[in-house]
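Let's take a friendly walk through this structure together. Have the viewer open as you read, and pick out the residues as they come up.

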Protein chains: 2
Amino acid sequence: MARRRNTVTIREVAEDAGVSLQTVSRVINDEPNVRPQMRDRVQSSIDRLGYVPSLAAQRMSGSRSYLILAINDRERTLADWRERTGTDWVDQMLLGGTLTCSKNGYRMIVELVDTHADHVERELGATVSALQPDGVILTPPHSENTQITRLLAERNIPVARIGSVEEGPGIRLTMGDEGAAYAATKRLIELGHSKIAMIAGPDQYSLSAWRITGWKRAMEEHGLATDGLCEKGDFGYESGTQAARSLLHRHTNLTAIIGSSDQMTLAALEVARDRGLHVPRDISLISFDNTPIVRFTQPPLTAVDQPIAETVSIAVEHLINLHKAPPVNEIIDVPAELVERSSTGPAPAAE
Amino acid sequence: MARRRNTVTIREVAEDAGVSLQTVSRVINDEPNVRPQMRDRVQSSIDRLGYVPSLAAQRMSGSRSYLILAINDRERTLADWRERTGTDWVDQMLLGGTLTCSKNGYRMIVELVDTHADHVERELGATVSALQPDGVILTPPHSENTQITRLLAERNIPVARIGSVEEGPGIRLTMGDEGAAYAATKRLIELGHSKIAMIAGPDQYSLSAWRITGWKRAMEEHGLATDGLCEKGDFGYESGTQAARSLLHRHTNLTAIIGSSDQMTLAALEVARDRGLHVPRDISLISFDNTPIVRFTQPPLTAVDQPIAETVSIAVEHLINLHKAPPVNEIIDVPAELVERSSTGPAPAAE
DNA sequence: ATGAAAGCGCTAACAA
DNA sequence: TTGTTAGCGCTTTCAT
């Protein structure tokens, strides 16, 4: 069975318009050296025939692939999806990414990449060879994986690294972590809290440290102690339970906790409840992420909203070179916002 | 600046192995007529050089594109993402789709397509021309959009239609809607309920009717009336509020509601609470979707879990022809499961 | 400002 | 069983 030709090619457009292939190509790519009259003629043929250039052919002839790769941690992402934890990180990436991509004729492809050292080079290398993307967006913890950044640099593929300020190839974007932690802490201080603890994320993620820094800065500015008030988790629920238990055990006069993820803060809420503490009357809680679920908990959590969509959108814009002359050494910091709900309130009167 | 060659091509592999391009091609595509010894030789060159075929080139030479398109309703999806309603439909599609795709060397690309009649043909036509996917997965309401199915059929692109049983091109998959509604209703009847209402989805979605059918069948089998017990919504929260109000207003002796989406059921929960009804003591609630948020509401909702990941995975398998001889006229029904939580309980004693 | 020719990396059809 | 040839649809030279 002969596979019928079923797409319009550049040749048909050229014939229809009575011009050469090149002229059509020039029109498609908005290149100079085409008279307006000619351009109109060709464009109308394109429209009438419904011609759309084949991505594959464009890529083949050495032009762009019009593909942007968004890379996420395989293990964590799969776990989130399988357990349906309600993390909408990927959705927000798609929101910011696909919209900006499609505005410019690009597509975004989500790829999951293992952090495991043996695989990463082969795995990502294969993906890049197959797809030949025009740009790659790296998210933590991949943003700081030198194996990955080196591989991409070798292949001359533009990179946007989200959540990293480390020197290295590509542009760097952060989501206001330090500032947000500072603002959250400050807000709690305004509410009269002075014993404010932090459940931080894992060291593997740079942003964990930035948030600690923001929290410490606010505390110190107000002459408040931070010793023993920081516990580390891995962003997951279980680790939040451990951290909250240990904090509440050590500090019976704790009146506020900032959790570096929704899951950990949710766990803290549960732990507080188990100990008979009422939120926010006895203890205030602020979370990081602002995933959908925190609006539905009892009480709904005050949370730092991660501007994922906006950040990814900006990353895409830079990758496809909308901003000519990329500020190579600059770091783009997209500010995060604090969304106040009912898990924060005035500090309880001192005993 | 000369763009440096930075990928290994089939030619280099051929030279390295001392064979022709064609032999390498045969090895790559696992074709017959290559002696094991030759195959090994070529394979080791491939491995050593880290060669991966270029998708674009493969596509160009008339073979597959190794791309599967997953199409969702643009407006609804964007709204869900922007409002962060917690719908993880796309995530579940990615979970089922990308895993099965990547196992077979394919990629899945998520596309948002407007339902609006004027656009759809141009829009989807352009995407298909550009990407030339090997298969397309359609979700409601696109699954039954004849403009779309016709377009894809004309271009000989294999289609999987989720949530449609209508005659037409491609394979059809459903997610056990009728059976699940039947099972949910039956469960409520077992719990002693007899006045069981339904908040259905919009007519635009076939599955809305299937769920009504399942509910009615269970009711009738037990000699229970259904008159005036079905209200229609649009799956959104607002419409759920309207529907629940109207139902509770008309039927003061209502003891159970089945909602055709999480958002509508959440709205019903709120309405019930406003009227001083305790869930599940005074009224039981069962939802459809089982998105992450329903585990965190008070009380957590009993819900019909939509097997999205599994369904999409099966769709992909068929599209890439893992199951030779596709059962063209068969409908694949992936059963949904009822997840019991705390929004269902025994019917209150009759007054 | 426009066109002709060459080639991107691969596979299909054919030849050996 | 293996190799050779001719494209796929497009963009790059380079001519005109």
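## A glutamate and its neighbours

A good place to start is Glu231(A), which touches Met198(A), Ile199(A), Ala200(A), Ala243(A), Ser246(A), Leu247(A) and Arg250(A), leaving aside residues up to four places away in sequence. With one of these, Ser246(A), the side chain of Glu231(A) forms a polar contact of 3.2 Å. Please keep in mind that the model is a predicted one.

In terms of secondary structure, Glu231(A) belongs to strand 7 of chain A, which covers residues 230–232. If you would like a sense of scale, take Ser54(A): it is 177 residues from Glu231(A) along the chain, and their C-alpha atoms are 53 Å apart.

## Two copies, one axis

How does chain A map onto chain B? A rotation of 180°, with 0.0 Å of shift along its axis, superposes chain A on chain B with an RMSD of 0.0 Å. The two copies are therefore related as by a two-fold rotation axis. The contact surface follows suit, as the same surface serves both copies and 100% of the contact residues of chain A recur in chain B.

To find the axis on your screen, look for Ala56(A): of the residues of chain A, its C-alpha comes closest to the rotation axis, at 2.1 Å.

## Around DNA strand C

Which residues come nearest to DNA strand C? Of the 26 residues around this strand, they are Gln22(A), Asn33(A), Ile10(B), Gln22(B) and Tyr51(B). Helix 2 (21–28) of chain A, helix 2 (21–28) of chain B and helix 4 (55–60) of chain B each contribute at least two residues to the surface near DNA strand C. Sorted by class, that surface has nine nonpolar, 13 polar and four charged residues.

Of the atoms of DNA strand C within 4 Å of the protein, 57% belong to sugar or phosphate, and the rest belong to bases. Several phosphate pairings come from chain B. A polar backbone atom of Ile10(B) is 2.3 Å from a phosphate oxygen of DNA strand C. Side chains take part too: a polar side-chain atom of Ser25(B) is 2.8 Å from a phosphate oxygen of this strand, and for a polar side-chain atom of Asn29(B) the distance to a phosphate oxygen is 2.9 Å.

## Around DNA strand D

DNA strand D also has 26 residues around it, of which Ile10(A), Gln22(A), Tyr51(A), Thr23(B) and Asn33(B) come nearest. Of the atoms of DNA strand D that come within 4 Å of the protein, sugar and phosphate account for 65%.

Here are three pairings to look at. A polar side-chain atom of Tyr51(A) sits 2.5 Å from a phosphate oxygen of DNA strand D, while a backbone N or O atom of Ser20(B) is 3.0 Å from a phosphate oxygen of this strand. Met60(B) pairs with a base instead, with a backbone N or O atom 2.7 Å from a base oxygen of DNA strand D. The elements that give two or more residues to this surface are helix 2 and helix 4 (55–60) of chain A, together with helix 2 of chain B. By class, the surface near DNA strand D divides into nine nonpolar, 13 polar and four charged residues.

## How two helices of chain B pack

Helix 1 of chain B (residues 10–17) packs against helix 2 of chain B at an angle of about 105°, and their axes are 8 Å apart. Helix 1 of chain B is therefore roughly perpendicular to helix 2 of chain B.

Helix 1 of chain B brings Ile10(B), Arg11(B), Val13(B) and Ala14(B) to the contact, and helix 2 of chain B brings Leu21(B), Val24(B), Ser25(B) and Ile28(B). By class, the contact has six nonpolar, one polar and one charged residues.

## Backbone details worth a look

Most residues other than glycine have a negative phi, and most peptide bonds are trans. Asn33(A) is not a glycine, yet it has a positive phi of about 70°. Its place is the loop between helix 2 and helix 3 (36–49) of chain A.

In chain B, the peptide bond from Pro140(B) to Pro141(B) is cis, with omega near 0°. Pro141(B) lies in the loop between strand 3 (135–138) and helix 8 (146–154) of chain B. Gln298(B) and Pro299(B) are also joined by a cis peptide bond, with omega about -10°. You will find Pro299(B) in the loop between strand 9 (284–289) and strand 10 (302–305) of chain B.

Note on methods:
Residues are numbered from 1 along each chain as its sequence is written. Chains are lettered from A and ligands numbered from 1 in the order in which they are written. This is a predicted model: local features need pLDDT of at least 70, side-chain atom pairs count only at pLDDT 80 or more; totals for chains, interfaces and linings use all residues. Side-chain values use heavy atoms; hydrogens and water are left out. A residue is near a molecule or strand if one of its heavy atoms lies within 4 Å of it. A polar contact is a pair of N or O atoms within 3.5 Å; within protein, one must be able to donate a hydrogen and the other to accept it, and residues adjacent in sequence count only if both atoms are side-chain atoms. Helices (H or I, at least four residues) and strands (E, at least two) are DSSP runs, numbered from the N terminus. Ala, Val, Leu, Ile, Met, Phe, Trp, Tyr, Cys and Pro count as nonpolar, Asp, Glu, Lys and Arg as charged, and the others, Gly among them, as polar. Axes are lines fitted to C-alpha atoms, for helices over the stretch in contact, and angles run from 0 to 180 degrees between N-to-C directions. Angles under 35 degrees count as roughly parallel, over 145 as roughly antiparallel, 65 to 115 as roughly perpendicular and the rest as oblique. Contact means heavy atoms within 4.5 Å. Copies are superposed by least squares on the C-alpha atoms of residues with pLDDT of at least 70 in both.
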